[in-house]
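Reader: I'm new to protein structures and would like some help in reading one. Could we go through a few features together?

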Amino acid sequence: MAFTMGFNFLLLLAMAATNLLSLYHLSSTCQSPKPSPPVPIHIPQHLLRHLNDIRATINHLTASTSDSKRTSPVPHDLILHSQVAPIASSCHHHPYLLRRYMNYTPFSTCPYDLDLQETLILNGCHPLPRRRCFSKTPPKPTSSLPLNPFPTALPDSSVIWTKYSCKSFACLLQNNPIDFDLNARRSSLLKYASELDLPVNRFMQLAKSANSVIRLGIDIGGGTGTFAALMKIFYNVTMLTTTLNVNAPYSEAVAARGLVPLHVPLQQRLPVFDGTMDLVRCGRAVNRWIPLPVMEFMFYDVDRVLRGGGYLWLDRFFSKAMDLEEVYEPMIGKLGYKKVKWVVANKTDPSGLKNGDVYLTAVLQKPVSR
């Protein structure tokens, strides 16, 4: 009996002690609250990811090859391409221009800054960042656009002329007839005056004789889109035209003809999927003024988009005769394409005679399989 009472007394003391300890802990917590953590500065997650991408790319490209943490060397082509086109972050070399481009009022009308856009793009800043604003439209848009890609005149009302010295297509016709005289440009693509010429119908005959179907293509540096227009009306071929608005509204001219302009520079990847094009034509914009690394990457990007059996057409590519033989012909030869046509002739205008330039017109066929 005495043992039972003593045991119960010990249990009662243990319970009381436990409750006292709990009360002490609770009271000390209430009297001394933990200091609230500092309010963090809010940085949007997408901005953090973008900054981390930029930092990682720059560090990876510029870090010393002796870095002990590196598991493999930086591929040479990654370093080379980073020098001719943006990787991960476009525009980091032009922060002042980028700030000007992105300095706008969201949800209002975008600044009309085409000259700034072209400057950024030509300096390798492409694609440009998206903006949350409304693009300007011409003040008096036309109620009807021409269905014929060779209209008697392009509609002036389809262009905002503020940034251009000419204020109409008639003015451009007088000052830049090579690009804006649509009928003269059409005739030059259909005539045969020398071995350098390859009329459109002759090219289609070459393709047909090889049992090649031409349905889709890209015209690199296609100006106002005359080649694409001819392929559309005569052969129902869909051609995309890459062009930039350098001192004139080339993109608007292409679109006014019912054709598709691609606003991309030469140093950027063609925005189409691998192995989908039947033809890539390089016009006057592709010549010896393009830096060699840019041109070489461009040729291999052309190879990427061409299907097996597709054609690369170089139309009057010009360079110094020695450079063609020692530089460009070996560069093109690395593609392993079949030479369907390869004609070289002297460039006989004053500039060509002074510099010893030659023209090359070539049609090259990609192997059907590799």
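Reader: Let's start with the disulfides. How many disulfides does the count come to?

Author: A disulfide is a covalent bond between the sulfur atoms of two cysteines. Keep in mind that this is a predicted model. Here the count comes to 2 disulfides. One joins Cys-110 to Cys-133, with an S to S distance of 1.9 Å. This pair links distant parts of the chain, 23 residues apart. Cys-110 sits in the loop between α4 (95-102) and α5 (114-122), while Cys-133 sits in the loop between α5 and α6 (169-175).

Reader: And which cysteines does the other disulfide join?

Author: That one joins Cys-166 to Cys-171, and its S to S distance is 2.0 Å.

Reader: Is the disulfide of Cys-110 and Cys-133 right-handed or left-handed?

Author: Look at the torsion about the S-S bond. For Cys-110 and Cys-133 it is about 100 degrees, so this disulfide is right-handed. For Cys-166 and Cys-171 the torsion is about -60 degrees, so that disulfide is left-handed.

Reader: Is Cys-171 buried or partly exposed?

Author: The step to remember is that buried means under 20% relative accessible area, and exposed means over 50%, with partly exposed in between. Cys-171 has 21% relative accessibility, so it counts as partly exposed. Its partner Cys-166 is buried, because its relative accessible area is 7%. In the other disulfide, Cys-110 counts as buried at 10% relative accessibility, and Cys-133 also counts as buried, at 15%. You can try the rule on Cys-282 too: its relative accessible area is 2%, so it is buried.

Reader: That helps! Now, which residues make the nonpolar surface patch?

Author: Leu-190, Ile-233, Phe-234 and Tyr-235 make it, and the patch covers about 330 Å². Helix α10 (residues 226-235) gives the largest share, 3 residues. Tyr-235 is found in helix α10, and at 33% relative accessibility Tyr-235 counts as partly exposed.

Reader: Let's turn to empty space. How many cavities of 30 Å³ or more does the structure hold?

Author: Rolling a probe the size of a water molecule over the atoms shows where empty space is left. In this case the structure holds 1 cavity of 30 Å³ or more. The largest cavity has a volume of about 70 Å³.

Reader: Which residues line the largest cavity?

Author: Find these in the structure: Ile-220, Thr-242, Val-264, Pro-265, Leu-266, Gln-268, Leu-270 and Met-298 form the lining of the largest cavity.

How values were computed: Residues numbered from 1 in each chain as written. Predicted model: local features only at pLDDT ≥ 70, side-chain atom pairs only at ≥ 80, totals over all residues. Heavy atoms only, no water. Patch = residues over 30% accessible without salt bridge, like charges linked within 9 Å, V, L, I, M, F, W, Y side chains within 5 Å. Areas by Shrake-Rupley, 256 points an atom, 1.4 Å probe, with all protein chains shown as cover. Salt bridge = Lys/Arg side-chain N within 4 Å of Asp/Glu carboxyl O. Helix = DSSP H or I, 4+ residues; strand = E, 2+ residues; numbered from the N terminus. Buried < 20%, exposed > 50% of the residue type's maximum accessible area, 1.4 Å probe, protein only. Disulfide = S-S within 2.5 Å. 1 Å grid on protein atoms, 1.4 Å probe; cavity = no way out; pocket = protein on both sides within 12 Å on 5 of 7 lines; lining within 4 Å. Points joined across faces, edges and corners; volume = space filled by probe spheres on them.
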